[in-house]
Structure formats: C-alpha cells, structure tokens
Amino acid sequence: MSSLTSAVAAVIRDRAGRVLLCQQSQGHRLWGLPGGKIRNGESPIRAVIRDIREETGTETEVMDLVGIYQLTGDGCGADLPDVLVHVFRGRLADGDVAVNSPGRICRLAWHDPDALPYPVTATTRAAVADATAGRSGVLRDVQRDAQPEAPDAVDIGAGEPTLSMTAA
C-alpha cells in the first residue's frame, strides 16, 4: 500500500475566464494550480488560503469545493505517495498577484482553460475541466502522467521570480 499525502489547490479565474497557474521552480517545472501540502492539524480551507498567500502574496476567498482528487500511479517513478488533493474554487481578494515564493514557484500566469501550458499536472487538467464545467463536489481518481521531458524553459536570471500580473 502506498503512503498518502494530503494537499490543497484552488481554481482561481479572472474576469476573462482565465485560470491562475504556477510553474514549479524545480524538477520538470510543471504548471499547476496554486496550493500545497496540508500541515499537521490544519484544515484544508486554512491550508489553501495560507498556500495561496505564500505563493501569490494575496488573500483568497474560498467559494466552494470543486472536488477531491486522488492522484495515484507511478508514471513519474516508483515510491511516490498517493496524494489526496482538495481543490477549491476561489476568488482573489485583490487583483494583484506576484511570485512570492521563488523557491517553490518561478512563474505565475493566467491561462485559457482550453489552452493550458505544457507540462501541466494531471490533477490540474482534471480540476480545471470540472471547475469550468461548473461542477462541485467531484470525487475523482487521477493517474499521474508519464515523466515529461524537461521543458525548454527560459532560465530565470539568478533565481529571480518573474511575472507580476493583475487580474483582468
């Protein structure tokens, strides 16, 4: 039996319907929803508000639960824990976002839900599809994608974060 990690994420859209995504600073630089691991004794709602503040520098209002996604599989290698991800629908309290955690993420960007960047996490693809379809309370198993090629990402000069954006 695989170990289980609990995490949170949020689908945050701007007025144009675009979705806020974060690109990881390390590894394969996957694009995903803002969020992270739930700390011991922390509720999923508190965790998502904290993680979004840490990553974007702004407060988030949690609207509802899009769904709970169990990420499984060894597409990226053996010995990875299963991850139970609580994905919420959120709204930024103010419109300005900026990379606030450059050790974890290197870029923030608004993307059309029908044209997500590559490589994007399997959970992000599923949750964005559910959220844009207006679903709530989804329970879904998600299989990890095969390990992607490292993208030809633009190197961020001296580890400096990029992209400070305002919601349209």
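Two strands count as paired if DSSP finds at least two bridges between them. With that in hand, here are some exercises on this model, which is predicted.

**Exercise 1. Find out how β2 and β8 pair, and whether β8 is enclosed or open.**

Step 1: Look at the bridges. β2 and β8 are joined by 6 bridges and pair in the antiparallel sense.

Step 2: Pick one pair to see this in the structure. L20 has W110 in β8 as its bridge partner.

Step 3: Turn to burial, where a residue counts as buried under 20% relative accessible area. In strand β8 (residues 105-111), 6 of the 7 residues are buried, so the rest of the structure largely encloses this strand.

**Exercise 2. Work out the order of strands in the open sheet, and which strands stand at its edges.**

Step 1: Trace the sheet from one side to the other. Its 5 strands come in the order β4-β1-β6-β5-β9, with mixed pairing.

Step 2: Look for strands with a single partner. These are β4 (35-37) and β9 (138-143), which stand at the edges, so each has one side without a neighbour in the sheet.

Step 3: Consider the turn between neighbours. On average, neighbouring strands of this sheet are turned by 25 degrees against each other, direction ignored.

Step 4: Zoom in on one pairing. Strand β1 (residues 4-12) and strand β6 (residues 82-92) run parallel and are joined by 9 bridges. Here V11 stands opposite R89 in β6.

**Exercise 3. Place the helices α1 and α2 against the strands, and decide how enclosed α2 is.**

Step 1: Start with α1. This helix lies across β1, β4, β5 (60-72) and β6, and runs at about 65 degrees to β1.

Step 2: Move on to α2 (residues 122-132). Helix α2 lies across β1, β5, β6 and β9, at about 130 degrees to β5.

Step 3: Check the burial of α2. Since 8 of its 11 residues are buried, α2 is largely enclosed by the rest of the structure. Among the buried ones are A122, V128 and A131.

Step 4: Ask what they pack against. The buried residues of α2 pack against β1, β2, β3, β5, β6 and β9.

Step 5: Look just past the helix. α2 is followed by G134, which has a positive phi near 80 degrees.

**Exercise 4. Is D51 buried or exposed, and which residues are in contact with D51?**

Step 1: Locate the residue. D51 sits in helix α1 (residues 44-56).

Step 2: Apply the cut-off of 20%. D51 has 2% relative accessibility, so D51 counts as buried.

Step 3: List the contacts, leaving aside neighbours within four places in sequence. D51 is in contact with V8, G35, G36, K37 and R104.

**Exercise 5. Describe the surroundings of P113.**

Step 1: Find its place, which is the loop between β8 and α2.

Step 2: Judge its burial. P113 is buried because its relative accessible area is 18%, and the cut-off is under 20%.

Step 3: Name its contacts. Not counting residues up to four places away in sequence, P113 touches R13, G17, R18, V19, V128 and T132.

**Exercise 6. Characterise the largest pocket.**

Step 1: Take its volume. About 1200 Å³ of space lies in the largest pocket.

Step 2: Look at the lining. It has 39 residues, of which Q24, L30, L71, V83 and T121 lie nearest the centre of the pocket.

Step 3: Sort the lining by class: 20 residues are nonpolar, 13 polar and 6 charged.

Note on methods
Residues are numbered from 1 along each chain as its sequence is written. This is a predicted model: local features need pLDDT of at least 70, side-chain atom pairs count only at pLDDT 80 or more; totals for chains, interfaces and linings use all residues. Side-chain values use heavy atoms; hydrogens and water are left out. Helices (H or I, at least four residues) and strands (E, at least two) are DSSP runs, numbered from the N terminus. Buried means under 20% relative accessible area, exposed over 50%, partly exposed in between (1.4 Å probe, protein chains only). Contact means heavy atoms within 4.5 Å. Axes are lines fitted to C-alpha atoms, for helices over the stretch in contact, and angles run from 0 to 180 degrees between N-to-C directions. On a 1 Å grid over the protein atoms alone, a cavity is a set of points where a 1.4 Å probe fits but cannot get out, and a pocket is an open set with protein on both sides within 12 Å along at least five of seven lines; lining residues have an atom within 4 Å of a point. Grid points are joined across faces, edges and corners, and a volume is the space filled by probe spheres set on the points. Ala, Val, Leu, Ile, Met, Phe, Trp, Tyr, Cys and Pro count as nonpolar, Asp, Glu, Lys and Arg as charged, and the others, Gly among them, as polar.
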